[in-house]
Amino acid sequence: MLKDAALEALIGTARADAAKAFYHNVLGLTLESEDQFSIVFAMNGAKVRLSKVPSVVPSAYAVLGFRVADIEASLAALVKAGARMERFPFLAQDEAGIWQAPNGARVAWFRDPDLNLLSIMQPD
């Protein structure tokens with residue numbers, strides 16, 4: 001029923017100004033619109049809507065992931081722009097913070113200003 005629908009990811013933010021700067025300046029997403037309820041970014045045919053909420057409860061898992069062709073280059077660009085990679089003691093991550101999944105995919109994680117966990121992933 002929804003296979004032809006366009007994807008719009010929804011993420012909460014209680015720090016709208018900081019989140020707007022992060023998603024635009026650090027992640028490089030294109031600001032599409034902003035109103036009293038949300039900030040919308042466009043990216044590669046999809047939308048990321050930051051819903052303005054009174055508070056955010058960070059999850060223990062990633063709420064938004066980005067598939068990339070070159071995880072090392074993407075990771076270096078994110079770090080240069082100000083992102084900090086997350087480290088998890090239960091995963092064998094390399095010096096840069098990249099973990100290799102059993103299927104061969106490589107993944108790294110970072111947080112936005114509201115502590116939402118985001119990831120980049122290079123498929124095998």
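Is Asn116 buried or exposed? Hold that thought while I set the scene. This is a predicted model. Now the answer. Asn116 is buried, with a relative accessible area of 6%. The cut-off for buried is under 20%, so Asn116 qualifies.

Where does Asn116 sit? Its place is the loop between β7 and β8. Who touches Asn116? Skip the neighbours within four places in sequence. That leaves contacts with Ile11, Gly12, Val56, Val63, Phe110 and Arg111.

Pick Val56 from that list. Val56 belongs to another loop, the one between β4 and β5. In sequence, Val56 and Asn116 are 60 residues apart. In space, their C-alpha atoms are 8.2 Å apart. Beyond its neighbours within four places in sequence, Val56 also contacts Gly12, Thr13, Ala14 and Asp114, along with Asn116.

Here is another pair to set beside that one. Leu50 and Met85 are 35 residues apart in sequence. From C-alpha to C-alpha, Leu50 and Met85 are 21 Å apart.

Let's stay with the loop that holds Asn116. Leu115 is in that loop too, between β7 and β8. What is the phi of Leu115? It is near 70 degrees, a positive value in a residue that is not glycine. Here is the background. Most residues other than glycine have a negative phi. Leu115 counts as partly exposed, at 45% relative accessibility.

There is a second case. Asn44 has a positive phi of about 45 degrees, and Asn44 is not a glycine either. Look for Asn44 in the loop between β3 and β4. Asn44 counts as exposed, because its relative accessibility is 81% and the cut-off is over 50%.

Next, the strands. β7 and β8 form a hairpin, with five residues between them. Leu115 is in the turn of that hairpin. β7 covers residues 106–111, and six bridges join β7 to β8. These two strands run antiparallel. One bridge pairs Phe110 with Leu118 in β8.

Now look at the other partner, β5. Four bridges join β5 to β8, and this pair runs parallel. Here Phe66 stands opposite Ile120 in β8.

Put the strands together. Four of them form an open sheet, in the order β5-β8-β7-β6. The pairing is mixed. Which strands stand at the edges? They are β5 and β6, and each has a single partner strand, so one side of each is left without a neighbour in the sheet.

How covered is β8? This strand runs over residues 117–122, and five of its six residues are buried. That takes us to the core.

The largest nonpolar core has 26 residues. Those with the most contacts inside the core are Tyr23, Leu27, Val48, Phe110 and Ile120. Two of these names came up with the strands: Phe110, the partner of Leu118, and Ile120, opposite Phe66. Which elements give two or more residues to the core? They are β1, α1, β3, β4, β5, α2, β7 and β8. The top contributor is α1, with five residues. As background, nonpolar side chains tend to be buried together in soluble globular proteins.

Zoom in on Val48. Leave aside the neighbours within four places in sequence. Val48 then contacts Ala9, Ile11, Tyr23, Leu29, Ile39, Val40, Phe41, Met43 and Leu64.

Compare that with Leu50, which is in strand β4. Leu50 counts as buried, because its relative accessibility is 0%. Again leaving aside neighbours within four places in sequence, Leu50 has contacts that include Ile11, Tyr23, Ile39 and Phe41. Also among the contacts of Leu50 are Thr13, Ala19 and Lys20.

Last topic: the pocket. The largest pocket has a volume of about 430 Å³. How many residues line the largest pocket? The count is 20, and Leu29, Met43, Gly65, Phe66 and Arg67 lie nearest the centre. Three elements give two or more residues to the lining: β4, β5 and α2. β5 gives the most, with four residues. By type, the lining has 15 nonpolar residues, three polar and two charged.

Notice how the topics link up. Phe66 is one of the residues nearest the pocket centre, and Phe66 also stands opposite Ile120 in β8. Leu29 and Met43 are near that centre too, and both are in contact with Val48. As for β5, this strand is at a sheet edge and gives residues to the core.

Terms used:
Residues numbered from 1 in each chain as written. Predicted model: local features only at pLDDT ≥ 70, side-chain atom pairs only at ≥ 80, totals over all residues. Heavy atoms only, no water. 1 Å grid on protein atoms, 1.4 Å probe; cavity = no way out; pocket = protein on both sides within 12 Å on 5 of 7 lines; lining within 4 Å. Points joined across faces, edges and corners; volume = space filled by probe spheres on them. Nonpolar A, V, L, I, M, F, W, Y, C, P; charged D, E, K, R; others polar. Buried < 20%, exposed > 50% of the residue type's maximum accessible area, 1.4 Å probe, protein only. Pairing = 2+ DSSP bridges. Core = buried A, V, L, I, M, F, W, Y, C linked by side-chain atoms within 4.5 Å. Contact = heavy atoms within 4.5 Å.
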